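Hi,

Here is the structure I promised to pass on to you. Have a look at it first, and then read on for my notes.

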Amino acid sequence: MVAKPPRPGKIVCVGRNYAAHARELGHEVPAEPLLFFKPPSAIIPAGGEIVVPAGVGRVDFEGEVAFVVGTRARSVPREEGWGVLSHLAAANDVTARDLQRTDGQWTRAKGFDTFLPLGEPVALEGVDRDALELRTLVNGELRQLGRIGEMIFDPPTLVSFISGIMTLEPGDLILTGTPEGVGPLAPGDEVQVRIEGAPPLRNRVVAGARDG
Ligand code: MG
């Protein structure tokens, strides 16, 4: 079994994986999973500070369920997808929304330091996967509520799809997309991502220095 992943080899993320969220950003529901990467250097733990860089415009929270890959996997059939995953964790796919819209690629918008708050992983054994719910709160107010059953592409489908492209290795992370309700963060805000049974993820937002 894999322990917590302080520096996963790769972090594969899925965009627009809840229909209501795709619509709130004005997009169609994708026909195939839409993948992008976040860099391991973006990870901060619970309690770490999310730094909003100067001059990048709107920066949003995106509460997400993250899964940790437990075994090396290549071209896994969907029926075996769950067996590849060992842990889950609360995650926040912090996004510079204006840059995401203007850049052709999302590397910059998704890749700033501190843009991946990641909670302590918990083993999937014993977790009622089908009942998983994700909640995001900003300053104590509920902003997102997502159920794993509402995903367009469920976790085993994602494992199958991604492992058909690239070998998944122990410790890699898969972020499964955010439900509707995303919104901007401002310095001083406190954002929490909660998944029942997993340690809570709570982070404060601070302003970055202009030359930071
Ligand atoms: Mg996301």
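Below is what turned up, beginning with the metal site and ending with the nonpolar cores. Please keep in mind that this is a predicted model.

**The magnesium site**

Three residues coordinate the magnesium ion: Glu62 and Glu64, each through OE, and Asp93 through OD, at 2.0 to 2.1 Å. Along the sequence, these donors follow the spacing E-x1-E-x28-D. Glu64 and Asp93 link distant parts of the chain, being 29 residues apart: Glu64 belongs to strand β6, while Asp93 is in the loop between β7 and β8 (95-96). Glu64 is buried, at a relative accessible area of 1%. Asp93 is buried too, with a relative accessible area of 1%.

**Salt bridges**

Asp93 comes up again here, as a partner of Lys110: their side chains form a salt bridge with an N to O distance of 2.8 Å. This pair also links distant parts of the chain, with Lys110 in helix α3 and Asp93 in the loop between β7 and β8, 17 residues apart. Are the two partners, Lys110 and Asp93, buried or exposed? Both are buried.

Across the whole structure, the search gives 15 salt bridges. As general background, side chains of opposite charge can pair when their charged atoms come close. Another of these bridges joins Asp60 and Arg58, whose closest N and O atoms are 2.6 Å apart. Asp60 has a relative accessibility of 0% and so counts as buried, since the cut-off is under 20%. Arg58, in turn, is partly exposed at 34%.

Then there is the bridge between Arg147 and Glu150, where the closest N and O atoms lie 3.6 Å apart. Arg147 is partly exposed, with a relative accessible area of 36%, and Glu150 also counts as partly exposed, at 39%.

Which residues are joined into one network by salt bridges that share partners? They are Lys38, Arg58, Asp60, Glu62, Asp93, Arg97 and Lys110. Two of the names on that list, Glu62 and Asp93, also coordinate the magnesium ion, which you may want to keep in view when you look at the site.

**Aromatic pairs**

How many aromatic pairs does the structure hold? There are three, and I describe two of them here.

In the pair of Phe36 and Trp106, the ring centres are 5.1 Å apart and the planes stand at 65°; an angle over 60 degrees counts as edge-to-face, so that is what this pair is. Phe36 sits in strand β2 (residues 34-38) and Trp106 in the loop between α2 (97-102) and α3 (107-111), so this contact links parts of the chain that are 70 residues apart. Phe36 is buried, with a relative accessible area of 10%, and Trp106 is buried at 18%.

The pair of Phe67 and Trp82 has ring centres 5.5 Å apart and planes at 80°, so it is edge-to-face as well. Because Phe67 lies in strand β6 (residues 63-69) and Trp82 in the loop between β6 and β7 (85-92), the pair ties together parts that are 15 residues apart in sequence. Phe67 counts as buried at 1% relative accessibility, and Trp82 counts as buried at 18%.

**Around Arg135**

Arg135 is placed in strand β11 (residues 133-138) and counts as partly exposed, at 27% relative accessibility. Its side chain makes a polar contact of 3.1 Å with the side chain of Glu133. Beyond residues up to four places away in sequence, Arg135 touches Leu142, Gln144, Leu145, Gln192, Val193 and Arg194.

**Nonpolar cores**

In soluble globular proteins, nonpolar side chains tend to be buried together. Here, the largest nonpolar core has 30 residues, and Phe67, Leu85, Leu88 and Ile195 have the most contacts inside it. The elements giving two or more residues to this core are β1 (11-15), β6, β7, α4 (155-163) and β15 (190-195). Leu88 has contacts, outside its neighbours within four places in sequence, that include Ala66, Phe67, Pro121, Val122, Leu132 and Ile195. There is also a second, separate core of 15 residues, with Ile50, Ala109, Val191 and Val205 among them.

Happy browsing, and best wishes!

Notes. Residues numbered from 1 in each chain as written. Heavy atoms only, no water. Phe/Tyr/Trp six-rings, centres within 6.5 Å; stacked < 30°, edge-to-face > 60°. Helix = DSSP H or I, 4+ residues; strand = E, 2+ residues; numbered from the N terminus. Buried < 20%, exposed > 50% of the residue type's maximum accessible area, 1.4 Å probe, protein only. Donors = N, O, S within 2.8 Å, 3.2 Å for Na, K, Ca; no water. Salt bridge = Lys/Arg side-chain N within 4 Å of Asp/Glu carboxyl O. Contact = heavy atoms within 4.5 Å. Polar contact = N/O pair within 3.5 Å; in protein donor to acceptor, adjacent residues only side chain to side chain. Core = buried A, V, L, I, M, F, W, Y, C linked by side-chain atoms within 4.5 Å.
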